[in-house]
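Let's work through a few exercises together. Keep the sequence and the 3D view open, and try each task before you read its solution.

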Amino acid sequence: MRVITTISELKEAIQAEKSQQNTIGFVPTMGYLHEGHRALLKKARQENQIVVLSIFVNPLQFGPNEDLETYPRDFEQDQKVAGEEGVDIIFYPSVTEMYPNELSVTMTVNKRTDVLCGESRPGHFDGVVAVVTKLFHLVQPDKAYFGKKDAQQLAIIDGLVNDYNFPLQIVPVDTVREHDGLAKSSRNVYLTEKERAEAPALYSSLLMAVDLIKAGEDNPESIVNAITDRIKTETSGEIDYISILTYPGLENMEIIKGRYIIALAVKFTKARLIDNVILVEE
Ligand code: AMP
């Protein structure tokens with residue numbers, strides 16, 4: 001496993017793999033790797049000759065009052081995880097390596113940003129598509145792996161790849177959870193003990209919603225109200241959003257039908273958690 005910190009060295013390494021016709025699987029992350037990241041890496045390992053992992057906490061996707069400075073980091077541990085998962089190259093650039101100058105051209109996501117995390121984190125997805133574009137150009141993967149936990153990100157990146165004809169395939173990976181249902185997240189370490197005990201209510205309220213829908217409820221508002229009640233009763237968190245939208249279009253729906261997502265974000269003292277389920281209703 002090679003750790004590469006410069007763009008020039010990465011270009012050389014990728015060129016060498018390409019000249020041998022090796023297929024490249026790419027897993028972009030912000031590090032502090034957990035089982036969710038491992039699932040992406042495992043899938044990449046199965047499906048490609050070379051696996052490239054990037055670890056970069058991208059300042060462009062953090063708002064002014066967000067947790068850029070305090071985002072958890074542990075590169076030594078990440079290297080260990082990467083080694084265990086058979087990663088060939090870790091790309092671990094500094095901020096100045098990625099952005100030596102202020103960008104002269106920026107990107108704006110037009111669709112799917114006025115809802116969910118896009119609504120509460122203005123500019124977040126513009127920062128995501130900027131870094132992903134840069135990384136795709138550098139790594140030139142055949143396949144890139146993204147978690148369904150960040151379902152809005154996945155839909156937006158799919159849009160990016162289709163709109164601009166990136167020559168690669170986006171592979172979605174199911175959300176990996178703790179035993180009690182809490183979606184694995186680097187930010188879970190910032191939950192207090194009490195909040196950690198409450199946090200499984202996020203997923204259990206989503207499962208309750210699925211049960212209600214299966215039992216015949218098709219009004220999104222009623223479902224959202226039921227989830228809201230449950231989260232308010234079972235957690236001390238502040239609800240950021242609870243929404244039911246079409247997926248991957250992320251449009252409002254009058255009645256629950258077709259492919260849809262139930263997504264939520266809840267703010268705890270030091271961690272904002274997101275979760276979702278994506279389903280099809282005939
Ligand atoms: P992050 O390091 O949080 O930016 O995440 C990097 C990638 O890992 C993204 O594609 C995420 O969607 C994915 N990911 C994060 N948490 C999970 C999880 N619990 N299950 C599956 N994928 C995840």
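Two strands pair if DSSP finds at least two bridges between them; helices (H or I, at least four residues) and strands (E, at least two) are DSSP runs, numbered from the N terminus. This is a predicted model, where local features need pLDDT of at least 70 and side-chain atom pairs count only at pLDDT 80 or more, while totals for chains, interfaces and linings use all residues. Residues are numbered from 1 along each chain as its sequence is written, and side-chain values use heavy atoms, leaving out hydrogens and water.

**Exercise 1.** Find the bridge partner of Ser54 in strand 4.

*Solution.* Start with the pairing: strand 3 and strand 4 (residues 89-91) run parallel and share three bridges. Within strand 4, Ser54 is matched with Phe91. Now follow the chain: it goes from strand 3 through helix 3 (residues 75-84) to strand 4 in a right-handed β-α-β crossover. Right-handed here means that, with the strands pointing away from the viewer, the path from the first strand over the helix to the second runs clockwise.

**Exercise 2.** Describe how strand 2 is joined to strand 3.

*Solution.* Strand 2 (residues 24-29) is parallel to strand 3, and six bridges link them. One pair to look for is Gly25 with Val51 of strand 3. Next, add helix 2 (residues 35-47): together with strands 2 and 3 it makes a right-handed β-α-β unit.

**Exercise 3.** Explain why strand 3 is largely enclosed by the rest of the structure.

*Solution.* First, the term: buried means under 20% relative accessible area, exposed over 50%, and partly exposed in between (1.4 Å probe, protein chains only). In a regular strand the side chains alternate between the two faces of the sheet. On one side, Ile50, Val52 and Ser54 are buried, and on the other so are Val51, Leu53 and Ile55. Six of the six residues of strand 3 (residues 50-55) are therefore buried, and the strand is largely enclosed.

**Exercise 4.** Is Gln152 buried or exposed?

*Solution.* Locate Gln152 in helix 7 (residues 151-163). Its relative accessible area is 5%, so Gln152 is buried. Then check its surroundings, where contact means heavy atoms within 4.5 Å: leaving aside residues up to four places away in sequence, Gln152 touches Arg112, Thr113, Val115, Leu116, Cys117, Gly118, Phe125 and Leu250.
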